[in-house]
Structures are given as C-alpha cells and as structure tokens.
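User: I would like to go through the reasoning behind some of the labels attached to this structure. Could you take them one at a time and set each value against its cut-off?

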Amino acid sequence: QFGDQSGCSYQVTEALHAMLQSSSSAEVKIEGTQLLVCAGANPFEDIPTSNMSQECETAVNVGARVGPAIMLRSVVSSGREFLKTRQLSRRRDPKLQQQPESFFKTIESRENLEVKDAMKSALLTALARSFSQQQPEDLSLASVLYEEGAKLDNQDLSRLQLCIKGSKFASGTPETLDRCMMAVYDRCTASQYDSRDIDYDRTPLAANSFLLLQMPWMRSCLDVFCSCYWLTENLDKTEMAPTEDIHDEEVALVSQEGLKFITHGSIISCKSGKLESAIRFAKMNSRYRSGETVELQIPIPAEMLRHMIQHFYHGSICFTGPPMSDKGLCRYLLELMIVAEEFLCLDLVKEIEMRLLSSDPQSCFCWNCCRAVRAHPRQVGNRKAQCMYCIDTNSRLVAENTVLDVLGLLEFMEAPEYTLQLLPMNIKTLRCVQSTRLWADHDDVKWLSNIALATLRDTVNLVVLRKFAQVVETASFLESTNVSADGSESQKNLLLQMSLDDLRRNSLLSPLQKKTIPLSGEVPQNRFPNT
C-alpha cells in the first residue's frame, strides 16, 4: 500500500490493518506483524476504517475484533517493543543530545498516552462484544488486553455500562458522582430524654457504654489503642455508670478458648436473636434457679466475642491493639460477618458491610461518633433513639488481593433484611448538611436504597473489572484453578463474564434513582470510539 502514486513511501500502518483482517493463518499474521512493525507500522495509531468513513480504528482494536488471542498478544507486544526501541534511539541520537530532558519527556508522554488510549478503547470494545455475544473467544481477547496492561477506571466502566444496557453511546466523558452510604441503627437509653435536644446532648445514650468500660478486659484493651475517642476520654469516669443491681440478668459468655465474659442478658438479647433464644431456653431448664448466672458456650475466638460485646453495648466495634494489614483486617471482618449472621446480629452485619465499603474501616460508628441522632419515630416514651452513620464508598479493604474472598462470602451468605441508602455526594459535603434534612431524606427514601450486601457486590464487581489482571494472579485464584491451563482459562472467562453481567445493574455507576428503568438491545460492533 503506497502513500502516493510514485510509490515513494509505504503506508505500513494501513498495511498492518489490511493484513490483520485478511484470511491468512495466525502464524502468517504474527510474522507479518513483526515485519511491518519493524518497518515503522504503529499498532496504536488511529487510522480511518475506510476512505468514505470518518470512524477511526487502531490495529490493536482490529486484533481484538478478529483474534485469535495469540495474534493480538503479538500485535501489542511488538508495538510496545518497537516504541521502547524508538524512544531509546531518540535519546541516543547525537543530533538530539543537546535537547533538555523536558523535550524527550514531552514526546514520550504523548506516545505513551497514545498507547494507553488505544489499549483502553480496544478493551472496552472487547468487553462490550463479550457481553453481547457470550463467546469464550471474545472473553479470552479481553483477558489478553488486561494482561498486556490495559486499564479502566470508573468513568470507563460507566461508558461500558451504558453500552451493555443498550443505550446509544454518546461521545464525551459520562458524569460520575461521588457517592456515600448511609445506615441507621437503634439505641436504647437508660431513662427518658428530651427528644428536641438528643442530637446535641447525647448523654442519655451513654449508659451501656459506661457498663462496657467497667469490664476489666475492656479497660486493659484501652491501655494500648482505641478507635473511639469517647471511650478513651471516659475511661476513668465509672461513677457515671448505672448503679442498679443486675445480678438477676447476669449471663456468662464462654469463648472457644474458655475465657468467660460476664454480660447483661437484657442488653445482648436486644442485639442477637440467637442469644435471646439461648438465654430463654437456659432459664426454662429444670436445673436453673432464679438468680443464677446463665452460662452459654459460644464457639468462636475470644477476640471475635469481645468485638461482638463491644457492638452490643457501645453500638460499634472498637478496634484496639496494634493495627492489622488491610488483607488481614478484611478476612477478619468477613469471618466476623459470618458469625454475626449466625447469631442473628443484623446491625453487626450491617456495620461490617459499611466497614468493608469504607476508606476508613476502623472508624467508630457509636452513638457519640455517628453523624446524627434522633428520637425513635415509632417509640413511645423516649426510651429508644436512632443513630445515623455515613461512609464514603472508596473501599480500602476490597482490593485485588481480597476481592475473591469477599466474592466467596457473598455467594455463601443470604442477604439479611436491611437496606443501605446511597447518596450522590461526597463525605465532606455530607458533613455540612443539617441533620434534620438528612433524616427527612432518609424517611422519604429520597435516594437509592440497596438491599443488604448489594453495594458490597457492586464494589467487588468494579474491582474485578478495573484490576482483572491482578485478580487472576492472586494466590486465591491460582489455588482455585490448580488443575490445568484450560481450567484456569475457563475460570478466568467465567469470572469476567459474571462481572460483565453484574455491571449492568451496578448501582455505584448508575444514576441514583428510586426505580431502575430496564434497557435492552444488542451491543453493536465498535460502539466505543477511540479516546
């Protein structure tokens, strides 16, 4: 293919496109790709698809469309290698030795951006085709692009979501809003309070927290570190604790190590349906005598039992001691979530989901640290309050090395009966909103309400699609596919296809409406123009 009628210059990039779309074998295409790239063809350059069309396409995009995977990998690797060689030769050129470093960086930055955009465009097109046609070959081509360094962000995934919903793709960048999550739990009080002042004077909510501070094991934990400022500041104010005799409701919880924790039956019964039933049945036993301490064997580690008791009394887990790694903390919270679900502690399951979604998973959500407090709207006598706490959705714990653990739990657990509201604002803006307005929006269900664990699944979905190459290289994935190369490839395709199916309903990318209008339609070829 000649650039002009005299044949003085060859259009090698156009020739590369023509060869990739020819009927030649994969071996011939791979050899031809290497020859043409060495001759100056640029696989990452946009060229018109035809003389009569304004649409442009790169050779990488052509390779992702026609396949096979081995040929696409050759196109990308040959192009990267040639670019690296060209950049190195430019820096060594004697005629350019006097140029400043900024000269080379400017040119290289433009070239690297061209590569990045070409890879991104090809990956988006391959993923859209994979969703539409449901063919393993298309999924394998998308996997190759991930492995070769193609990267997507949430804006790219928003474009992909619009595409697979069947909407006509519009040029430009889709609007992506900051999100934050809102959750609410009930808090009992020791006495009646003035409902008008409860958000400003939260002292009536402190009774159970003071009881927690009287427990010897809790005081020893606070000597090291505590995520709750209120507990640290009130450690020595034990005179504020309730003075009534609680001997008749004393319940001893015994961990699997044999450690015994003395608790108040009325408090733990309010938070755990299973413990409430266990206490009731224990008192119905013929050997039980009034005034005796009920003893329950709880077959979980003492550390988990401590955190459950903290949640029962204080309304929030209080992290103490040396910090854990993000991976270790994520796995611990997943195990604690399973325990909380087994003991019917729905507020604790909700709290753990919020922690898994947050960029600050060790923050305190107690009655003192939460965003807003009000009198319970359905409680007569002002003996119960509602506490609202909010987080951002920039999860720190759901990452490429933990996402499969989270996904495994989501497949195992049934969704409890609670909802989380998704608000279209960042956490800093939320702190400036009046509490009365937040409660009004909560009661009116103004924003999207996700059922339990739905937002966590959406977060998993985004992490897999953003960091697919890293996810399939983790120990968790490799251990689950330690059978054969074909088995590993099929597992990759299954994970990618499942993520594409979930992307259609992902609430972290969709507009925040109360109702979702379903869209349908085929995904056309080349819906994504080059960036």
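**Labels and their grounds**

Analyst: In this predicted model, the side chain of S227 comes to 3.4 Å from the backbone oxygen of Q362.

User: What makes the approach of the S227 side chain to the backbone oxygen of Q362 a polar contact?

Analyst: The cut-off for a pair of N or O atoms is 3.5 Å, and the distance from the side chain of S227 to the backbone oxygen of Q362 is 3.4 Å, so the pair falls within the limit. A polar atom of the S227 side chain also lies 3.1 Å from the backbone nitrogen of F319, which is likewise within 3.5 Å. Among the residues that S227 touches, leaving aside those up to four places away in sequence, are I317, C318 and C364.

User: Where is S227, and why is it called buried?

Analyst: S227 sits in the loop between helix 9 (216-222) and helix 10 (229-233). Its relative accessible area is 19%, and buried means under 20%, so S227 meets the criterion.

User: How do you know whether C390 is in a disulfide?

Analyst: A disulfide requires two cysteine sulfur atoms within 2.5 Å; the cysteine sulfur nearest to C390 is that of C180, 6.0 Å away, and C390 is therefore in no disulfide. The structure as a whole holds zero disulfides.

User: Which of the labels buried and exposed belongs to C390, and which to C38?

Analyst: C390 has 16% relative accessibility, which is under 20%, so it counts as buried. C38, at 63%, is over the 50% limit and therefore counts as exposed.

User: What makes strand 4 and strand 5 a pair?

Analyst: At least two bridges are needed for two strands to pair, and strand 4 (residues 250-254) and strand 5 are joined by five bridges in the antiparallel sense, so the condition is met. One of the residues involved is E250, whose bridge partner in strand 5 is H264.

User: In the sheet with the order 5-4-6, why are strand 5 and strand 6 said to stand at the edges?

Analyst: The open sheet has three strands and mixed pairing. Strand 5 (260-264) and strand 6 (294-297) each have a single partner strand, so one side of each is left without a neighbour in the sheet.

User: How many bridges join strand 9 and strand 10, and what sheet do they belong to?

Analyst: Strand 9 (residues 419-423) and strand 10 pair in the antiparallel sense over four bridges, which again satisfies the requirement of at least two. In strand 10, N450 is the bridge partner of L420. Both strands belong to an open antiparallel sheet of five strands, in the order 7-8-3-9-10, whose edge strands, strand 7 (372-375) and strand 10 (448-451), each pair on one side only.

User: Why are Q134 and V445 both called partly exposed?

Analyst: The label covers values between 20% and 50%, and it applies to Q134 because its relative accessible area is 40%; V445, with 34%, is partly exposed on the grounds of that range as well.

User: What is notable about the phi of Q134 and of V445?

Analyst: Most residues other than glycine have a negative phi. Q134 is not a glycine, yet its phi is positive, about 55°, and V445, also not a glycine, has a positive phi of about 50°. Q134 is placed in the loop between helix 5 (101-133) and helix 6 (136-147), whereas V445 is in the loop between helix 18 and strand 10.

Technical notes
Residues numbered from 1 in each chain as written. Predicted model: local features only at pLDDT ≥ 70, side-chain atom pairs only at ≥ 80, totals over all residues. Heavy atoms only, no water. Buried < 20%, exposed > 50% of the residue type's maximum accessible area, 1.4 Å probe, protein only. Polar contact = N/O pair within 3.5 Å; in protein donor to acceptor, adjacent residues only side chain to side chain. Contact = heavy atoms within 4.5 Å.
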